[in-house]
Amino acid sequence: MKVALEKHIESLNSSIIFRDLIEPYFDPNWHFHPHYQLFTVLEGTGTRFVGDSIEHFGVGDTVFLGPDIPHLWSSDKDYFQANSGLKTQGLVLYFTADFLGESFFQKPEMHAIANLMEKSKRGLKYKGKTKDVLIESLIKMRNLCGFESIIELLQLLHFLSKSHEYEHITSINYLNTFKVSETERMQKVHDYVLQNFKDPIRLGDMAREVNMTEPAFCRYFKKRANKTFSEFVNEIRIGHACKLLKSDELAVSQIAYECGFNTLSNFNAQFKRFTDKTPKEYKQDMLNL
(Lines give C-alpha, C1' and ligand atoms only; values in the text may rest on other atoms or scores of the structure.)
Protein backbone atom coordinates (compact mmCIF):
# COMPACT_ATOMS: atom_id res chain seq x y z
CA MET A 1 0.00 0.00 0.00
CA LYS A 2 1.30 3.45 -0.83
CA VAL A 3 1.95 5.64 2.17
CA ALA A 4 -0.78 8.23 2.69
CA LEU A 5 0.77 11.65 2.98
CA GLU A 6 -0.11 15.19 2.07
CA LYS A 7 -2.09 15.03 -1.16
CA HIS A 8 -0.72 17.27 -3.91
CA ILE A 9 -3.43 18.87 -6.03
CA GLU A 10 -2.14 21.36 -8.51
CA SER A 11 -2.99 22.65 -11.97
CA LEU A 12 -0.93 24.77 -14.34
CA ASN A 13 -4.00 25.81 -16.31
CA SER A 14 -6.60 26.78 -13.71
CA SER A 15 -6.94 28.54 -10.35
CA ILE A 16 -9.54 25.98 -9.32
CA ILE A 17 -9.39 22.25 -9.93
CA PHE A 18 -12.45 20.17 -10.83
CA ARG A 19 -12.44 16.39 -11.08
CA ASP A 20 -15.08 13.86 -12.04
CA LEU A 21 -13.89 10.80 -10.13
CA ILE A 22 -15.02 7.51 -11.66
CA GLU A 23 -13.16 4.53 -10.19
CA PRO A 24 -13.86 1.02 -8.86
CA TYR A 25 -13.55 2.55 -5.37
CA PHE A 26 -12.71 5.91 -3.79
CA ASP A 27 -9.10 6.75 -2.84
CA PRO A 28 -8.50 4.39 0.12
CA ASN A 29 -5.83 6.54 1.75
CA TRP A 30 -6.23 8.76 4.82
CA HIS A 31 -4.98 12.11 3.54
CA PHE A 32 -5.16 15.89 3.74
CA HIS A 33 -4.31 18.89 1.55
CA PRO A 34 -4.16 22.69 1.80
CA HIS A 35 -7.21 23.17 -0.44
CA TYR A 36 -10.84 23.83 0.34
CA GLN A 37 -12.91 20.98 -1.07
CA LEU A 38 -16.52 20.70 -2.25
CA PHE A 39 -17.46 17.08 -2.82
CA THR A 40 -20.57 15.04 -3.62
CA VAL A 41 -21.05 11.31 -4.07
CA LEU A 42 -22.96 10.35 -7.22
CA GLU A 43 -22.41 6.61 -6.84
CA GLY A 44 -21.03 4.41 -4.09
CA THR A 45 -21.40 3.55 -0.40
CA GLY A 46 -19.01 3.20 2.50
CA THR A 47 -17.68 4.98 5.58
CA ARG A 48 -16.66 8.64 5.64
CA PHE A 49 -13.90 9.73 8.02
CA VAL A 50 -13.37 13.48 8.54
CA GLY A 51 -11.27 14.60 11.51
CA ASP A 52 -12.88 12.91 14.52
CA SER A 53 -16.13 12.09 12.64
CA ILE A 54 -17.16 8.65 11.37
CA GLU A 55 -20.35 8.32 9.29
CA HIS A 56 -21.81 5.97 6.72
CA PHE A 57 -22.03 7.61 3.30
CA GLY A 58 -24.14 6.93 0.24
CA VAL A 59 -25.35 8.64 -2.90
CA GLY A 60 -25.92 12.35 -2.25
CA ASP A 61 -23.37 12.72 0.56
CA THR A 62 -22.29 16.34 0.00
CA VAL A 63 -19.71 18.25 2.03
CA PHE A 64 -17.49 21.32 2.18
CA LEU A 65 -14.12 20.72 3.86
CA GLY A 66 -11.62 23.37 4.89
CA PRO A 67 -7.88 22.98 4.35
CA ASP A 68 -5.75 20.31 6.04
CA ILE A 69 -8.63 18.35 7.62
CA PRO A 70 -7.60 14.68 7.39
CA HIS A 71 -10.28 12.70 5.57
CA LEU A 72 -11.14 9.48 3.81
CA TRP A 73 -14.16 8.12 1.94
CA SER A 74 -13.63 4.38 2.48
CA SER A 75 -15.69 2.34 0.03
CA ASP A 76 -17.41 -0.80 1.29
CA LYS A 77 -15.48 -4.07 0.97
CA ASP A 78 -17.58 -5.22 -1.97
CA TYR A 79 -16.04 -2.50 -4.14
CA PHE A 80 -12.58 -4.04 -3.75
CA GLN A 81 -13.65 -7.49 -4.95
CA ALA A 82 -12.42 -8.55 -8.39
CA ASN A 83 -15.15 -8.49 -11.06
CA SER A 84 -17.66 -6.95 -8.63
CA GLY A 85 -19.13 -4.80 -11.40
CA LEU A 86 -19.37 -1.94 -8.87
CA LYS A 87 -17.99 1.54 -9.32
CA THR A 88 -17.88 4.83 -7.48
CA GLN A 89 -18.35 8.34 -8.79
CA GLY A 90 -17.83 11.66 -7.10
CA LEU A 91 -17.59 15.27 -8.19
CA VAL A 92 -14.93 17.30 -6.40
CA LEU A 93 -13.83 20.92 -6.67
CA TYR A 94 -10.64 22.19 -5.03
CA PHE A 95 -9.52 25.78 -4.47
CA THR A 96 -7.09 27.57 -2.18
CA ALA A 97 -7.78 30.58 0.02
CA ASP A 98 -5.71 32.80 -2.27
CA PHE A 99 -6.91 31.56 -5.68
CA LEU A 100 -8.14 35.12 -6.41
CA GLY A 101 -5.32 36.86 -4.57
CA GLU A 102 -4.13 36.92 -0.97
CA SER A 103 -6.58 39.53 0.30
CA PHE A 104 -9.64 38.91 -1.91
CA PHE A 105 -11.73 37.23 0.80
CA GLN A 106 -10.72 39.92 3.30
CA LYS A 107 -12.70 42.57 1.40
CA PRO A 108 -15.84 43.87 3.21
CA GLU A 109 -18.07 42.48 0.44
CA MET A 110 -16.65 39.00 1.07
CA HIS A 111 -17.42 38.94 4.80
CA ALA A 112 -20.19 36.30 4.60
CA ILE A 113 -18.12 34.00 2.39
CA ALA A 114 -15.10 34.45 4.68
CA ASN A 115 -17.30 33.29 7.59
CA LEU A 116 -18.41 30.28 5.54
CA MET A 117 -14.79 29.35 4.83
CA GLU A 118 -14.00 29.62 8.54
CA LYS A 119 -16.90 27.28 9.39
CA SER A 120 -15.65 24.79 6.80
CA LYS A 121 -12.56 24.15 8.94
CA ARG A 122 -14.79 21.81 10.98
CA GLY A 123 -16.29 20.36 7.80
CA LEU A 124 -19.87 21.04 6.71
CA LYS A 125 -22.41 18.44 5.58
CA TYR A 126 -25.30 19.83 3.53
CA LYS A 127 -28.93 18.77 3.39
CA GLY A 128 -32.27 19.81 1.92
CA LYS A 129 -32.55 22.35 -0.89
CA THR A 130 -29.01 23.58 -0.27
CA LYS A 131 -27.61 20.14 -1.01
CA ASP A 132 -29.65 19.93 -4.22
CA VAL A 133 -28.39 23.33 -5.41
CA LEU A 134 -24.79 22.46 -4.54
CA ILE A 135 -24.95 19.19 -6.50
CA GLU A 136 -26.54 20.94 -9.49
CA SER A 137 -23.78 23.54 -9.43
CA LEU A 138 -21.02 20.90 -9.33
CA ILE A 139 -22.64 19.04 -12.23
CA LYS A 140 -22.80 22.32 -14.16
CA MET A 141 -19.12 23.02 -13.50
CA ARG A 142 -18.13 19.81 -15.28
CA ASN A 143 -18.67 21.74 -18.51
CA LEU A 144 -17.27 25.11 -17.46
CA CYS A 145 -13.74 26.47 -17.56
CA GLY A 146 -11.86 29.71 -17.09
CA PHE A 147 -13.80 32.81 -16.10
CA GLU A 148 -17.18 31.02 -16.19
CA SER A 149 -16.05 28.42 -13.64
CA ILE A 150 -14.81 31.14 -11.26
CA ILE A 151 -18.10 33.04 -11.50
CA GLU A 152 -20.08 29.84 -10.86
CA LEU A 153 -17.94 29.05 -7.81
CA LEU A 154 -18.35 32.54 -6.36
CA GLN A 155 -22.12 32.38 -6.87
CA LEU A 156 -22.19 28.98 -5.17
CA LEU A 157 -20.12 30.21 -2.20
CA HIS A 158 -22.42 33.23 -1.89
CA PHE A 159 -25.45 30.93 -1.83
CA LEU A 160 -23.87 28.59 0.74
CA SER A 161 -22.90 31.56 2.94
CA LYS A 162 -26.61 32.38 3.38
CA SER A 163 -27.80 28.82 4.02
CA HIS A 164 -28.51 27.21 7.38
CA GLU A 165 -29.11 23.74 5.91
CA TYR A 166 -25.89 22.20 7.12
CA GLU A 167 -24.37 20.28 10.01
CA HIS A 168 -20.83 20.54 11.31
CA ILE A 169 -18.96 17.29 10.69
CA THR A 170 -16.26 17.32 13.36
CA SER A 171 -17.09 17.83 17.02
CA ILE A 172 -17.01 21.32 18.50
CA ASN A 173 -13.88 20.57 20.53
CA TYR A 174 -12.00 18.86 17.67
CA LEU A 175 -8.41 20.07 17.43
CA ASN A 176 -6.50 19.13 14.30
CA THR A 177 -3.12 17.91 15.58
CA PHE A 178 -2.38 16.01 12.40
CA LYS A 179 1.20 15.76 11.14
CA VAL A 180 2.57 14.41 7.88
CA SER A 181 4.86 12.07 9.80
CA GLU A 182 1.88 10.41 11.53
CA THR A 183 -0.24 9.73 8.46
CA GLU A 184 1.08 6.22 7.84
CA ARG A 185 0.36 5.19 11.43
CA MET A 186 -3.24 6.43 11.32
CA GLN A 187 -3.66 4.78 7.93
CA LYS A 188 -2.69 1.45 9.50
CA VAL A 189 -5.26 1.95 12.27
CA HIS A 190 -8.06 2.68 9.78
CA ASP A 191 -7.12 -0.23 7.52
CA TYR A 192 -6.87 -2.69 10.40
CA VAL A 193 -10.23 -1.77 11.94
CA LEU A 194 -12.08 -1.64 8.61
CA GLN A 195 -10.78 -5.09 7.72
CA ASN A 196 -11.44 -6.67 11.12
CA PHE A 197 -14.40 -4.91 12.77
CA LYS A 198 -16.64 -7.98 12.37
CA ASP A 199 -14.26 -9.94 14.61
CA PRO A 200 -13.00 -9.25 18.14
CA ILE A 201 -10.40 -6.46 18.03
CA ARG A 202 -7.93 -6.49 20.91
CA LEU A 203 -6.13 -3.35 21.94
CA GLY A 204 -2.84 -5.24 22.22
CA ASP A 205 -3.07 -6.48 18.64
CA MET A 206 -3.72 -2.97 17.34
CA ALA A 207 -0.87 -1.50 19.37
CA ARG A 208 1.53 -4.10 17.98
CA GLU A 209 0.39 -3.28 14.42
CA VAL A 210 1.71 0.27 14.88
CA ASN A 211 4.74 -0.70 17.03
CA MET A 212 3.54 0.94 20.23
CA THR A 213 2.81 -0.17 23.79
CA GLU A 214 -0.86 -0.28 24.78
CA PRO A 215 -0.68 2.77 27.10
CA ALA A 216 1.25 4.82 24.52
CA PHE A 217 -1.17 3.89 21.76
CA CYS A 218 -4.20 4.80 23.90
CA ARG A 219 -2.77 8.26 24.64
CA TYR A 220 -1.70 8.77 21.03
CA PHE A 221 -5.06 7.76 19.54
CA LYS A 222 -7.17 9.75 22.00
CA LYS A 223 -5.17 12.91 21.28
CA ARG A 224 -5.43 12.54 17.47
CA ALA A 225 -8.95 11.16 17.11
CA ASN A 226 -10.63 12.95 20.03
CA LYS A 227 -12.08 9.62 21.19
CA THR A 228 -10.89 6.33 22.63
CA PHE A 229 -9.92 3.46 20.37
CA SER A 230 -12.88 1.45 21.66
CA GLU A 231 -15.27 4.28 20.73
CA PHE A 232 -13.68 4.44 17.28
CA VAL A 233 -14.23 0.71 16.69
CA ASN A 234 -17.84 0.88 17.89
CA GLU A 235 -18.58 3.89 15.66
CA ILE A 236 -17.40 1.94 12.62
CA ARG A 237 -19.52 -1.04 13.66
CA ILE A 238 -22.59 1.13 14.22
CA GLY A 239 -22.06 2.84 10.85
CA HIS A 240 -22.09 -0.57 9.17
CA ALA A 241 -25.19 -1.50 11.16
CA CYS A 242 -26.99 1.61 9.88
CA LYS A 243 -26.28 0.54 6.32
CA LEU A 244 -27.63 -2.97 6.96
CA LEU A 245 -30.73 -1.63 8.72
CA LYS A 246 -31.52 0.55 5.69
CA SER A 247 -31.49 -2.50 3.40
CA ASP A 248 -34.17 -4.27 5.51
CA GLU A 249 -32.76 -7.68 4.60
CA LEU A 250 -31.59 -8.92 8.00
CA ALA A 251 -33.15 -9.12 11.45
CA VAL A 252 -31.72 -6.84 14.13
CA SER A 253 -30.16 -9.81 15.95
CA GLN A 254 -28.38 -10.92 12.77
CA ILE A 255 -27.10 -7.41 12.14
CA ALA A 256 -25.67 -7.22 15.66
CA TYR A 257 -23.44 -10.25 15.11
CA GLU A 258 -22.65 -9.25 11.53
CA CYS A 259 -21.20 -5.99 12.88
CA GLY A 260 -18.97 -7.59 15.51
CA PHE A 261 -21.12 -7.33 18.65
CA ASN A 262 -21.16 -10.54 20.68
CA THR A 263 -24.42 -9.77 22.50
CA LEU A 264 -27.65 -8.15 21.35
CA SER A 265 -27.89 -6.11 24.54
CA ASN A 266 -24.46 -4.54 23.95
CA PHE A 267 -25.39 -3.78 20.34
CA ASN A 268 -28.63 -2.09 21.41
CA ALA A 269 -26.82 -0.03 24.06
CA GLN A 270 -24.05 1.11 21.72
CA PHE A 271 -26.49 1.87 18.90
CA LYS A 272 -28.60 4.03 21.21
CA ARG A 273 -25.48 5.82 22.43
CA PHE A 274 -24.30 6.81 18.96
CA THR A 275 -27.64 7.47 17.23
CA ASP A 276 -30.06 8.33 20.07
CA LYS A 277 -32.37 5.63 18.68
CA THR A 278 -32.81 1.91 19.11
CA PRO A 279 -32.03 -0.23 16.06
CA LYS A 280 -35.74 -0.94 15.59
CA GLU A 281 -36.61 2.77 15.77
CA TYR A 282 -33.87 3.58 13.25
CA LYS A 283 -35.02 0.82 10.92
CA GLN A 284 -38.64 2.02 11.08
CA ASP A 285 -37.59 5.60 10.37
CA MET A 286 -35.68 4.43 7.26
CA LEU A 287 -38.71 2.47 6.03
CA ASN A 288 -40.92 5.54 6.45
CA LEU A 289 -38.71 7.81 4.31
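This is a short tour of two sheets, the helices that pack on them, and a few residues to select along the way. Keep in mind that you are looking at a predicted model.

**Stop 1: the six-stranded sheet**

Start by selecting the six strands that form an open sheet, with antiparallel pairing, in the order β1-β7-β2-β5-β8-β9. Colour β1 (17–23) and β9 (166–168) separately: they stand at the edges, and each has a single partner strand, so one side of each has no neighbour in the sheet. If you look along the sheet, neighbouring strands are turned against each other by 20° on average, direction ignored.

Now zoom in on β2 (residues 36–43) and its partner β7, which pair in the antiparallel sense over seven bridges. A handy landmark here is tyrosine 36, which stands opposite phenylalanine 95 in β7. While you have side chains on display, remember that in a regular strand they alternate between the two faces of the sheet.

**Stop 2: two helices on that sheet**

Add helix α1 (residues 111–119) to the view. Helix α1 packs on the sheet and touches β2, β5, β7, β8 (124–126) and β9. Compare directions and you will find that α1 makes about 105° with β8.

Next, bring in helix α2 (residues 128–141). This helix lies across β1, β2, β5, β7 and β8, and runs at about 95° to β2.

**Stop 3: the three-stranded sheet**

Hide those helices and select β4, β3 and β6, which form an open sheet in the order β4-β3-β6 with antiparallel pairing. Which strands stand at the edges? They are β4 (53–57) and β6; each has a single partner strand, so one side of each is left without a neighbour in the sheet. The average turn between neighbouring strands of this sheet is 20°, direction ignored.

Follow strand β3 (residues 46–50) into β4: the two pair in the antiparallel sense over five bridges. Threonine 47 stands opposite histidine 56 in β4. Between the strands, this hairpin has two residues, and glycine 51 takes a positive phi near 60° there. Switch to a surface view and β4 turns out to be mostly covered, with four of its five residues buried. Helix α7 lies across β3 and β4, running at about 20° to β4.

**Stop 4: serine 74**

Stay with this sheet and pick serine 74, which is found in strand β6 (residues 71–75). Is serine 74 buried or exposed? Its relative accessibility is 13%, so it counts as buried, the cut-off being under 20%. Leaving aside neighbours within four places in sequence, serine 74 is in contact with Thr45, Gly46, Thr47, Phe49, Phe57 and Leu194. Thr47 is the threonine you met opposite histidine 56.

To jump to the next part of the tour, draw a C-alpha to C-alpha distance from serine 74 to cysteine 242: the two are 16 Å apart in space and 168 residues apart in sequence.

**Stop 5: around helix α10**

Cysteine 242 takes you to α7 (residues 229–247), whose axis comes within 8 Å of that of helix α10 (residues 279–288), crossing at roughly 50°. That angle makes α7 oblique to α10, and the crossing is right-handed. Show side chains for Cys242, Leu245 and Lys246 of α7, then for Pro279, Tyr282, Lys283 and Met286 of α10, since these make the contact. By class, five of these residues are nonpolar, none is polar and two are charged.

Now turn to helix α9 (residues 264–275), which packs against α10 at an angle of about 60°, with the axes 9 Å apart. These two helices are therefore oblique to each other. On the α9 side, select Phe267, Asn268, Phe271 and Lys272; on the α10 side, select Pro279, Glu281 and Tyr282. This contact has four nonpolar, one polar and two charged residues.

**Stop 6: two loop residues with positive phi**

Finish with a look at backbone torsions. Aspartate 68 sits in the loop between β5 (62–65) and β6, and has a positive phi of about 65° although it is not a glycine. Its relative accessible area is 33%, so aspartate 68 is partly exposed.

Then move to asparagine 83, in the loop between β6 and β7 (88–95). This residue, also other than glycine, has a positive phi near 60°. At 81% relative accessibility, asparagine 83 counts as exposed.

Key. Residues numbered from 1 in each chain as written. Predicted model: local features only at pLDDT ≥ 70, side-chain atom pairs only at ≥ 80, totals over all residues. Heavy atoms only, no water. Axes fitted to C-alpha atoms, helices over the stretch in contact; angles between N-to-C directions. Parallel < 35°, antiparallel > 145°, perpendicular 65-115°, else oblique. Left-handed = near helix turned anticlockwise from the far one by under 90°. Contact = heavy atoms within 4.5 Å. Nonpolar A, V, L, I, M, F, W, Y, C, P; charged D, E, K, R; others polar. Buried < 20%, exposed > 50% of the residue type's maximum accessible area, 1.4 Å probe, protein only. Pairing = 2+ DSSP bridges.
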